[in-house]
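Colleague: Could you show me how to read a few features of a protein model, one at a time?

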Amino acid sequence: MAKVRNWQLGREMEYRFAEAHPDRQLAFVFNTNRCIACQTCTMSCKSTWTFSEGQEQMWWNNVETKPYGGYPHNWDVRVLELLEAANPGGQVWDAAARGGPYGVFRGMTVFEAAAKQGGKDVALGYAPTDAEWSAPNIGEDTAVGPPGRPGAYDERGAQLPQHTPWFFYLQRVCNHCSYPACLAACPRNAIYKRKEDGIVLIDQARCRGYRKCVEACPYKKSMFRLTTRTSEKCVGCYPRVEGRDPLSDGVPMEARCMATCVGKIRLQGLVKVAADGTWAADRTHPLYFLVHVEKVALPLYPQLGTEPNGYYIPPRWVPRPYLEQMFGPGVGEAIERYRRPSRELLAVLQLFRTTQRMIFRYDIVEGPKVLETTVGGRPWTMYADTVVGFDERGREAVRVPVVEPFRERPARYPNSI
Amino acid sequence: MSGRTRRRAAVVAAVLLAALALQLLDVRLAASQSATLSARLAQDVSTSDPWDAVWERSSSLDLALSAQLVVAPRGGTREALRARALHDGRRLFVLLEWRDATEDARIDGVTAYSDAAALQFPAASTAETPPLCMGSPTAIVNIWQWKAVWQTDAQQDLARIVTSKPRAWADLYPYAGEPVFAPARALGNLVARPDRVSPVEDLHAGQYGTLTTAKEQPLGGVGVWRAGTWRVLFWRDLASGQDGDASFGVGGAGVDAAAALWDGSAAERDGLKSVSQFFVIRPVTLPATAELPFWTAALIVLLPMAVFVGGMTWLARSGWTPGRA
């Protein structure tokens, strides 16, 4: 075990390998507030990568309804329970402590908990059964009932800012973690993280199907294929990220699940990584801006310790304790900033899913003031700015207005196209 | 010579006589333990039936196993193993036998694991004794692994969902048959081969985490589970031309060997295994004969002695003394 720096936890932690960071890291932001769970992402991934025999129960991308849904069933509850059992009462954040953007996590990661339990395994985990991998959309659209009365109708349910009955959609793909548990747990060293983009891959020539990665990945995004007896996982659509897709014009392109998002909730890119593993300052990179400047997007279950590279804008109607367990102590601030977005944030939010090409830089062309109102009792102003996204080569990839143009069809053409 | 000295001399003489008889008869008492397993000569070893009677004529060695605890994942639940060996002048045969209540020979679910067994030898090219734990970069080990599921594969195509999940249904598998959509297979990964015919695999390793399938597969093997006991037979030519393989000579000092077992129903695979210490497999020129049970061997030794002593006593009582006719 080596000591590595996990900036999301604000501290050092134990990991099987010494620190070695990629030059760039594949990362993404999902805006859970916008998702309609249409599963277009899920099907686009399925029809690209996992349509073959032996991959029937394999969904590299899935969208589950929280709190009851989960693929595999209850994956996060199971992992959190294991950690709680390993460190009863100790899985807490110290949000006020100086260390990282979310304070310091004082509890145990999956690696530290495994070490505490005698080091039988590299990471604390479990192997989901066939039944748990089936019914991937179990619990769909199922809201919690009123307190103490599950399933009952809640007459006082629709109250802001936090609803009593609630659910939300959680979009999940492999997080291409900075400290992947799958990689650490592979006894064959068949899993590797690419230096050029941080994508985590399983070498299909070396894998012997031991399924230690399936057990170890706390997000359960490593999956076993019965027909080849090897494990497979999300490949980050690496041919597209490499710019080898014929449509990409030689520049990095978003993954299929990102590019097909109907709800425009997804934004994926490559961020520069500094020598210490943190994101190198890149003020006008949309992902850097969302994660490190506005801090409106938060990592999924950062306390597991793998430093996931998927970030989520938390759903604003969900009770905060639930969200804090899932996204850490930055939830309150993130939601507040999202509800009353700054002029720049509102512009950057328009970039989601507007082009297949990855955006490496944005620029804002200022427009006139169009609205003055109050949000949460505080004044808020809206401007008709335009945001411009640039690809890897600095070419304009997309230009989107903050205020959509509004055109009224003349009465004499009521039904014409 | 005093009476006490005479009695001591008689006991020593009797022990030496018994030892000489055991040696001349090449009798190894079944209850004894030795770290060397002699592979005697037998021309009639069956390569299809590890329960064949020929194995009653082989030497055997009982090995105590312990859980692998050096590197994660750690574990292993099997406690004992009996090894036997024979050779026919051209090939070495090693038979492993162990108790296992369940025959785990199918991987038909994501949490199903196979029973397995392996033998480990230093590569012929290795001068130093390799570490027991998968060798080292300077001391390569040769591993022979057998898996129960590969045994099943030879009989039915488990690598089809219609076989492993008979109630599953799919309308269509697009591009079925294009190798790129089963990448492990396209890359020639032996564990992914749909047309596997041998239940054994020849591998090389130079430290844990480096186990690699050998280019050539000179190994033979067969395993049969019967009433709670596995018998798995490995065989290979005594000599191998492949770099990284072990090599065996008849009449030499023998070759270091270690064995490992995996129990599928305990989810054992990889480092989750039970391992023996090193023992020696030594092919010898002596032909395989039936091993004598302890009391049979004891009778062979003790009966002539009893007759001799009894006769002498009878003669002494009857007044006869040596030198007096």
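Modeller: Gladly! Let's begin with helix α5(B), residues 294-317 of chain B, where 24 residues reach 33 Å from the first C-alpha to the last, close to the 34 Å expected at 1.5 Å a residue. That expected span is 1.5 Å times one less than the number of residues. Helices (H or I, at least four residues) and strands (E, at least two) are DSSP runs, numbered from the N terminus. This is a predicted model: local features need pLDDT of at least 70, side-chain atom pairs count only at pLDDT 80 or more, and totals for chains, interfaces and linings use all residues. Residues are numbered from 1 along each chain as its sequence is written, chains are lettered from A and ligands numbered from 1 in the order in which they are written, and side-chain values use heavy atoms, leaving out hydrogens and water.

Colleague: Where does α5(B) bend, and by about how many degrees?

Modeller: A bend is the angle between axes fitted to the seven residues ending at a residue and the seven starting there. In α5(B) the bend is about 30° at L302(B), and the proline P304(B) follows within four residues. Just after the helix, G319(B) takes a positive phi of about 90°.

Colleague: Which residues of α5(B) are buried?

Modeller: Buried means under 20% relative accessible area, exposed over 50%, and partly exposed in between (1.4 Å probe, protein chains only). For α5(B), the buried residues are A297(B), A298(B), V301(B) and M305(B).

Colleague: How many disulfides does the structure hold?

Modeller: A disulfide is a covalent bond between the sulfur atoms of two cysteines. Here a pair counts when the sulfur atoms are within 2.5 Å, and the structure holds 0 over all chains. C182(A), for example, is in no disulfide, and its nearest cysteine sulfur, that of C217(A), is 6.0 Å away. For C237(A), the closest cysteine sulfur is in C257(A), at 6.2 Å, too far for a bond. C237(A) is buried, with a relative accessible area of 7%.

Colleague: What about empty space?

Modeller: Rolling a probe the size of a water molecule over the atoms shows where empty space is left. On a 1 Å grid over the protein atoms alone, a pocket is an open set of points with protein on both sides within 12 Å along at least five of seven lines, and lining residues have an atom within 4 Å of a point. Grid points are joined across faces, edges and corners, and a volume is the space filled by probe spheres set on the points. The largest pocket holds about 810 Å³. Its lining has 46 residues, with Q68(B), V71(B), C133(B), M134(B) and Y208(B) nearest the centre.

Notes: 1 Å grid on protein atoms, 1.4 Å probe; cavity = no way out; pocket = protein on both sides within 12 Å on 5 of 7 lines; lining within 4 Å.
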